[in-house]
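These exercises are worked on a single structure. Try each task before reading its solution.

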Amino acid sequence: MVSASAAWAIPAFDEVRADFKPSDTLILSREGEVLQRLRTDATVRRGQWVPLAEVSPALRTALVLSEDKRFFEHSGVDWRAASAAAWGNLWNQRTRGASTITMQLAGLLDGDWRQGPGGRTVVQKLGQTVAAQVLDRRWRKDQILEAYLNLVPFRSELVGIDALSRTLFGKAAHGLDDREAAVAAALVRAPNARPALVAQRACGVLRDMQATSGARPAQRATPAPARVDCDALDLFTTAALQRRAFDASEGVAPHFARYLLRQRSGKDGAVPERVPSTLRAPLQRFAVQGLQQHLRELRGRNVEDGAVLVLDNATGAVLAWVGSSGQLSQASEVDGVLALRQPGSTLKPFLYAQAIAERRLTAASLVEDSPAQITTASGLYIPQNYDRQFKGWVSVRTALAASLNVPAVRTLVMVTPDAFHRQLGAVGLPLRESGDYFGYSLALGSPEVPLLHLTNAFRTLANGGRASPVAGALANGGRSSAVALSDVAKPRFAPALDARAAFIVGDILSDGNARARTFGTDSVLATRFWTAVKTGTSKDMRDNWAVGWSERYTVGVWVGNASGAAMHDVSGTSGAAPIWSAVMGFLHAREPSRAPKAPVGLARTAVRFGPVAPQPGSPDPRGGDQPLEAAREEWFVQGTQQAFFAIDSVAISAYPSSASGQNDPKKSAPDAAASPAGLPPRITAPAPGTIIALDPDIPPARQRLQFTATGNAVQWRLDGKTLGRGPRVAWLPWPGRHVVQLTDAQGKVLDEVRLEVRGAGVVAKPLRAGAH
C-alpha cells in the first residue's frame, strides 16, 4: 500500500526538468555567449538537458526497438510482454524482460523502485507498475521519452544522452547516425558490458532498425536493407568506448571560470547551471589569440607563458582574463593572472607618487643617476640601471618615464621602505613581508605580486588615487544571459593615493618624449590615443610586464615562464608591451581616449633647467651652456612650483640670497665653507656604516677609496689625523674600523661617518698625511 500511494506522488515533467543539474557549469559573456564549460560535479558526468526534438531520429527509433517496441501503444505497462515473460519463467525459457521505458523512468525518478543486485522485490514491482501507469496518464509520450533519454545511465559515470554522444562520438545528440544510435541503445540495457557484448547487441538493434525501415510502405518498391557488417561494428564500438572527447573544461576562459566559481561558492555554496560574467567575448578571444601569436613570434627566446587582464576603470569589471598561453605552455593549468611574480619597475609609479604627495619631490626635481652605494644591515646595496649605464642629473619626469633604477632607489631612501610598504598596501598590493625585509630593493620590484592586484593598483592611478576591488560576477545574480554595465555592482571607492600625485604620475607615464632616453620616440608604447603605461623587468629577465590605462580601461600583461626560467633577450618593448599595445588598440578601435582633467590643487608652471659643468669621474657627458633638459611646462602640487632647476654653482648664482655666504666677506670663516644653497657641508661618500671588502687579488696600492663632500673650504680627518683638503680626497684603505670627519679651517667638525674595512692578508700601513 505504501509503494502504491508513493506512486501517485510522481513529479510533473516541468519539475523534473527544473531539477535537472548538469555536471558542468557554463560561464557566459556579458553578451550571453558561452565562454567556458567547466565541470563542477565530480560524481557524475551529465551534460545539458536535450529536448526530444534535438535528439537524432535514428536514436529514438533504436531506443524504442531495443527497449519497448509497443511504447506508443501501451498505457505504461506492456501486459502482453509481461504475460510472455511470466510464461517463459514458468517453463524456464529465456525471454526479454517486460520492463517498459515508462517503468524504467519511474525507477529513475524514485530510487525505491530501482533494481538492486538481487532484482526487484514484489513490492517494488507493484509500486513501479502503478507509477508507470500514473506517468502515462499525466505525461505525454514525448515527455516520457525525453526525460528517459536525459536521465538514463549509459556507461560508467555517463548519464544522459548529451554526455554519451559528446564523450563517445564527439558530437551533439542530434547528429547521431544509425550505427551510433544502435551502440547507444545497446548501452542502455548493459551499461558496463564488455565492448564485444555491446557490439553484439548493437548489431541486433541495427538489424531491427534496417528491417523496420525496409518494411515501411512506399509509393515505389523499397530496396532490401543492406546486410549489417557486425565485424566492422565491433571495431567501431571498441574504439568508441575508449574515447573521451567530452573534456572536463572547454572554452577560451578556463582560469577565469575557476576564479569566478570560487568567488561564488564562497557565498552560498551552490553553483548554478549558467553563470553570467562581465567578460566581453570578442575581447577575450582577441586577447587569447594575440597572446599566443606574440609568444610564437618570440619562439627561440625561451619564453612560453603569458597572461592578460583587462579591467573597466569605472566599475572594476573584468573584461578579459587570459591566464595562460594554452598549448604553448608546459604548465597551462597555472593561472598567470593570480601567480605571484616579481613586478620589477612597475612599482616605481607608486613610489614617485608618494614622494610627490609628501612634497619630497616634484616632477621637475633633479635627481642623480650615478653610481650609488647604500649602506644596509647586510652590507652595501649597489643598484644598477637596465642598460648598465648612467644618465647623470635628470628630472623626476625623465627618471620615471625612462625607468631609471638608481634615482628610484635614491627616492626610496627619502620615503623609507616601511612608508612605501604601507603605500603599496593602500593601493591593493599587500606584501607578505615587511618593508625592512625587502629594503631598498623594494623600489625595483623585488617582492612578488599577482597580475590581478598589480593591474588593479594601476586602475587606482587611473581613478585619481581611489581604489576598489575588481568585479567578475554581476549584481543581478545571473537572472539574465546578456548584461549591461549597469548590471555590475557599483564599486565602493576608498582614497589610497593623493589625487594630485596620481594625476602627475599619469601625465609622466603618457609622455613619449620623457621616455625617449630608454625607449626612443617611436616605441610600441606610443598609441594614437591617450594612454599611460609602465613596463617592468624582474631580475635575470624572469618576468616582463606592461601595465597601463586609457580613459576607460586598464590593461595588464605579463610574459615569462611559469617555471621561473629566465628569458633570452626579452626587453620591456619586445616582451609584454606589443601585447599591451594590441589589446589597447582593439579596445579603442572605435572609441576615443582623452587625457584626464587636472584635479584641484595643481599648478602648471613654465620651468627651465640650468647647465651642468662635468666633473672628473662624472657619468654626465653634458656641459657648457647646454641645459640639463629642455624648457617646458610642468605640473606641480600647489605650493611646490619653481621656475628654475639647477645644481652646484649654477644653482648658487640663480639664488644668490640663499647662497651668498660663499662670496660674502662679512661672513665668518665657518660660513665660508658652506655648501650650495646655504646648507652646511656634508660628507656625500662614503655613507655611514659602509663596509669595504678588500680584494686580495688586487695590489693594495691600487685599491683606493674616494671621499667626497659638499663645499670647498673643508678639511678631512681620518681617525683624528689630517687626510687632505677640498671636496674630494682619495684614501688607501687598510683593515679596521675608522672614523672620517669633515672640518672647517678652525677644526670644527661639520660632519662625521664611520666605516669598516675588511680584507684577509692585507698588511696594514700607517697613514700618510695628505695622501690623495
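**Exercise 1.** Where is the place of D569? Then describe its backbone and its exposure.

Solution. The model is a predicted one. Step one: D569 sits in the loop that runs between β18 (553-560) and α22 (577-587). Step two: the phi of D569 is positive, about 55°, although D569 is not a glycine. Step three: most residues other than glycine have a negative phi. Step four: exposed means over 50% relative accessible area. D569 has a relative accessible area of 60%, so D569 is exposed.

**Exercise 2.** Is S403 buried or exposed? Locate S403 and give its phi.

Solution. Step one: the loop between α15 (396-401) and α16 (405-415) holds S403. Step two: S403 is a residue other than glycine, and its phi is positive, near 55°. Step three: the cut-off for buried is under 20% relative accessible area. The relative accessibility of S403 is 12%, and therefore S403 counts as buried.

**Exercise 3.** Which residues does T535 touch, not counting residues up to four places away in sequence? Place T535 in the secondary structure and judge its exposure.

Solution. Step one: T535 belongs to strand β16 (residues 532-537). Step two: with a relative accessible area of 6%, T535 is buried. Step three: leaving out residues up to four places away in sequence, T535 is in contact with S345, T346, F519, L525, W545, A546 and G572.

**Exercise 4.** Which residues of the largest nonpolar core touch the most other members? Follow one of them outward.

Solution. Step one: this core has 77 residues, and those that touch the most other members are F256, W321, F350, F420, L429 and I504. Step two: helix α20 (residues 499-509) supplies the largest share of this core, seven residues. Step three: take F350. Beyond four places in sequence, F350 touches F420, Q423, L424, V427, L429, A457, F458 and L461. Step four: another core, of 58 residues, lies apart from the largest one, and its members include F20, F154, A202 and C203.

**Exercise 5.** How many of the eleven residues of helix α7 are buried?

Solution. Step one: helix α7 covers residues 141-151, and ten of its eleven residues are buried. Step two: the buried ones are K141, Q143, I144, L145, E146, A147, Y148, L149, N150 and L151.

**Exercise 6.** What kind of peptide bond joins A685 and P686?

Solution. Step one: omega is about 5°, and the bond between A685 and P686 is cis. Step two: most peptide bonds are trans. Step three: P686 lies in the loop between β22 (683-685) and β23 (690-693).

Definitions and conventions
Residues numbered from 1 in each chain as written. Predicted model: local features only at pLDDT ≥ 70, side-chain atom pairs only at ≥ 80, totals over all residues. Heavy atoms only, no water. Helix = DSSP H or I, 4+ residues; strand = E, 2+ residues; numbered from the N terminus. Buried < 20%, exposed > 50% of the residue type's maximum accessible area, 1.4 Å probe, protein only. Contact = heavy atoms within 4.5 Å. Core = buried A, V, L, I, M, F, W, Y, C linked by side-chain atoms within 4.5 Å.
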